Amino acid sequence: MVADTTVRSIRALVRAPDPLTHVAVTDQLASEPRIEAVSEAAPEPADVAVVVADRMTVEVTSLLRTIKSSLRVPVVLIPSEINRADLIIAVECNVVAVLPRVTATSNRIKEAVLTAAAGGGVLPPRLLGELFRQVERMQSEVLSPHGLHTSGLTPREIDVLRMMAEGLDTAEVAEKVCLSERAVKRVVSGVTRRLNLRNRSHAVAYALRSGAI
């Protein structure tokens with residue numbers, strides 16, 4: 001029996017402000033064998049959404065939030081213009097690639113879709129610098145004064161989860177941080193409840209993925 005080595009196409013859903021732009025972007029994607037442009041009525045859900053917009057208006061933001069909640073897929077955003085505040089909102093809405101329309105060639109759009117589907121991201125250097133500066137401001141002006149990390153964890157929670165990741169049990173952690181075992185359990189319970197995590201192992205995994213430990 002010969003194994004099926006066919007690679008499934010990446011399904012891309014296109015949303016554009018007008019029919020002409022929609023057809024143009026869809027045709028560009030269709031020229032890439034690894035990408036299949038699909039409609040919202042497709043029997044299988046999309047893997048990536050491509051959203052073309054003039055600006056980050058209320059309507060566009062609402063569309064991005066709808067895509068995030070209903071499709072839960074990465075988004076490639078192709079805006080005519082975007083500023084620092086818009087970029088933060090876009091990132092919150094699962095946008096992983098931003099291609100300004102003046103630079104959005106056919107090849108760049110296709111590469112952005114493939115990169116997004118693979119779990120990567122695409123940002124022009126200027127926007128990437130803006131994002132880094134915004135994260136730094138958030139850390140110094142909002143999180144640090146309240147004893148929080150960008151992961152949403154406090155220094156005490158980070159210490160406890162780091163020790164657990166190193167294999168220490170509750171009693172050992174309690175001794176290290178000079179708390180009772182009950183207090184350590186409350187720390188872990190507080191993290192799982194606040195961040196909607198399942199259990200201690202999930203909390204440790206979250207801290208690892210977020211770079212807190």
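Which element of the chain has the lowest mean pLDDT, and which the highest? In this predicted model, helix 5 (residues 125-143) has the lowest mean pLDDT, 61, and strand 3 has the highest, 95. The legends below begin with the sheet that contains strand 3.

**View 1. The sheet is open and has 5 strands.** The strands are arranged in the order 2-1-3-4-5, and their pairing is parallel. Strand 2 (35-38) and strand 5 (95-98) form the edges, each pairing on one side only. From one strand to the next, the twist averages 30°. In general, strands of a sheet pair through backbone hydrogen bonds, either parallel or antiparallel.

**View 2. Strand 3 is joined to strand 1 and to strand 4.** Strand 1 and strand 3 run parallel and are joined by 4 bridges. One residue of strand 1 to locate here is Ala 12, whose bridge partner in strand 3 is Val 48. Strand 3 and strand 4 also run parallel, with 5 bridges between them. Across this pairing, Val 51 stands opposite Leu 77 in strand 4.

**View 3. The residues of strand 3 are buried on both sides of the strand.** Val 48, Val 50 and Val 52 point one way, while Ala 49, Val 51 and Ala 53 point the other way. In a regular strand, side chains alternate between the two faces of the sheet. Because 6 of the 6 residues of strand 3 are buried, the strand is largely enclosed by the rest of the structure.

**View 4. Strand 4 is joined to strand 5 at the edge of the sheet.** Strand 4 (residues 75-79) runs parallel to strand 5, and 3 bridges join the two. Within this pair, Val 75 stands opposite Val 95 in strand 5. Helix 1 (residues 19-30) packs on the sheet and touches strand 1 (10-15), strand 2 and strand 3 (48-53). The direction of helix 1 makes about 165° with that of strand 1. Helix 2 (residues 58-70) also packs on the sheet, touching strand 1, strand 3, strand 4 and strand 5. The direction of helix 2 makes about 175° with that of strand 3.

**View 5. Strand 3, helix 2 and strand 4 make a β-α-β unit.** This unit is right-handed.

**View 6. Confidence varies along the chain.** The chain averages a pLDDT of 84, and 84% of the residues score at least 70. Over residues 1-5, pLDDT stays under 50. For residues 1-5, the model has 0 contacts beyond four places in sequence.

Key:
Residues are numbered from 1 along each chain as its sequence is written. This is a predicted model: local features need pLDDT of at least 70, side-chain atom pairs count only at pLDDT 80 or more; totals for chains, interfaces and linings use all residues. Side-chain values use heavy atoms; hydrogens and water are left out. Two strands pair if DSSP finds at least two bridges between them. Axes are lines fitted to C-alpha atoms, for helices over the stretch in contact, and angles run from 0 to 180 degrees between N-to-C directions. Contact means heavy atoms within 4.5 Å. Buried means under 20% relative accessible area, exposed over 50%, partly exposed in between (1.4 Å probe, protein chains only). A crossover is right-handed if, with the strands pointing away from the viewer, the path from the first strand over the helix to the second runs clockwise. pLDDT is the predictor's confidence in each residue, from 0 to 100.
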